[in-house]
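Colleague: Before I plan anything around this protein, I would like a close look at one part of it, the nonpolar core. Could you take me through what builds the core and what surrounds it?

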Amino acid sequence: MNTKLTENTEPIEDRSALLENSLIEEYLKEKGYSHEDLKKLPADLVEKLMKGASQYASLKMEEVKARAHLIKELHDDASALEK
């Protein structure tokens with residue numbers, strides 16, 4: 001199987017990555033920082049902030065995933081009742 005990339009093909013955006021980046025930005029903003037500020041901070045503080053941001057984003061993404069799963073289950077259950 002040969003796979004060729006075409007010149008005019010736009011890369012597909014990873015929606016999970018976009019959400020994760022937004023959540024990291026949200027966390028940093030709550031702490032009074034931005035990604036740009038991280039360049040000026042000591043490495044140990046940057047590491048601490050990014051660990052916290054990563055954990056925050058992971059938890060929020062799991063929450064979103066759980067809610068989506070619940071909504072799908074409710075929708076499926078409601079569809080079964082309509083038959």
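**The nonpolar core and its surroundings**

Modeller: The largest nonpolar core has 10 residues, namely L23, I24, Y27, L28, L38, V46, L49, A53, Y56 and A57. Two helices, α1 (15–30) and α3 (43–82), each supply at least two residues of this core, and the largest share, 5 residues, comes from α3. Please keep in mind throughout that this is a predicted model. As general background, nonpolar side chains in soluble globular proteins tend to be buried together.

The setting is simple to describe: the secondary structure of the protein chain comes to 3 helices and 0 strands, and from the N terminus on the elements run α-α-α. Of the 83 residues of the chain, 13% count as buried. Among the contacts in the chain with a separation of 6 or more, 48% are accounted for by residues 24 or more positions apart.

It helps to begin with α1, whose 16 residues should span 22 Å at 1.5 Å a residue, and whose end C-alpha atoms are indeed 22 Å apart, so the expected and modelled spans agree. Within α1, the buried residues are L23, I24, Y27 and L28, and because they cover an arc of only 135° around the axis, they lie on the same side of the helix. The general geometry of an α-helix is relevant here, since with 3.6 residues a turn, residues three or four places apart point the same way. On the other side of α1, by contrast, R15, K29 and E30 are exposed.

The two ends of α1 also deserve a look. At its start, a side-chain oxygen of D14 reaches to within 3.1 Å of the backbone nitrogen of S16, while α1 is followed by G32, whose phi is positive, near 90°.

Returning to the core, a search of the whole structure finds 1 aromatic pair. This pair is formed by Y27 and Y56, and it is tilted, with 5.5 Å centre to centre and 40° between the planes. The pair links distant parts of the chain, since Y27 sits in helix α1 and Y56 in helix α3, 29 residues apart. Both rings belong to residues of the core: Y27 is buried, because its relative accessible area of 14% is under the 20% limit, and Y56, at 16% relative accessibility, counts as buried as well.

I24 is another core residue worth following, for when residues up to four places away in sequence are not counted, I24 touches H35, M50, A53 and A57. Of these partners, A53 and A57 are themselves listed in the core, whereas H35 lies in helix α2 (residues 35–38). H35 is partly exposed, with a relative accessible area of 33%. With the same exclusion of residues up to four places away in sequence, H35 touches I24, E25, L28 and M50, and M50 is thus a partner named for I24 and for H35. For E25 there is also a backbone distance to give, as H35 and E25 are 10 residues apart in sequence and 7.2 Å apart in space, C-alpha to C-alpha.

Finally, S58 in helix α3 offers a further view of how α3 lies relative to a core residue. S58 and L23 are 35 residues apart in sequence but 8.8 Å apart in space, C-alpha to C-alpha. S58 counts as partly exposed, at 37% relative accessibility, whereas L23 is buried.

Notes
Residues numbered from 1 in each chain as written. Predicted model: local features only at pLDDT ≥ 70, side-chain atom pairs only at ≥ 80, totals over all residues. Heavy atoms only, no water. Core = buried A, V, L, I, M, F, W, Y, C linked by side-chain atoms within 4.5 Å. Buried < 20%, exposed > 50% of the residue type's maximum accessible area, 1.4 Å probe, protein only. Helix = DSSP H or I, 4+ residues; strand = E, 2+ residues; numbered from the N terminus. Contact = heavy atoms within 4.5 Å. Phe/Tyr/Trp six-rings, centres within 6.5 Å; stacked < 30°, edge-to-face > 60°. Expected span 1.5 Å × (residues − 1). Arc of directions from axis to C-beta. Polar contact = N/O pair within 3.5 Å; in protein donor to acceptor, adjacent residues only side chain to side chain.
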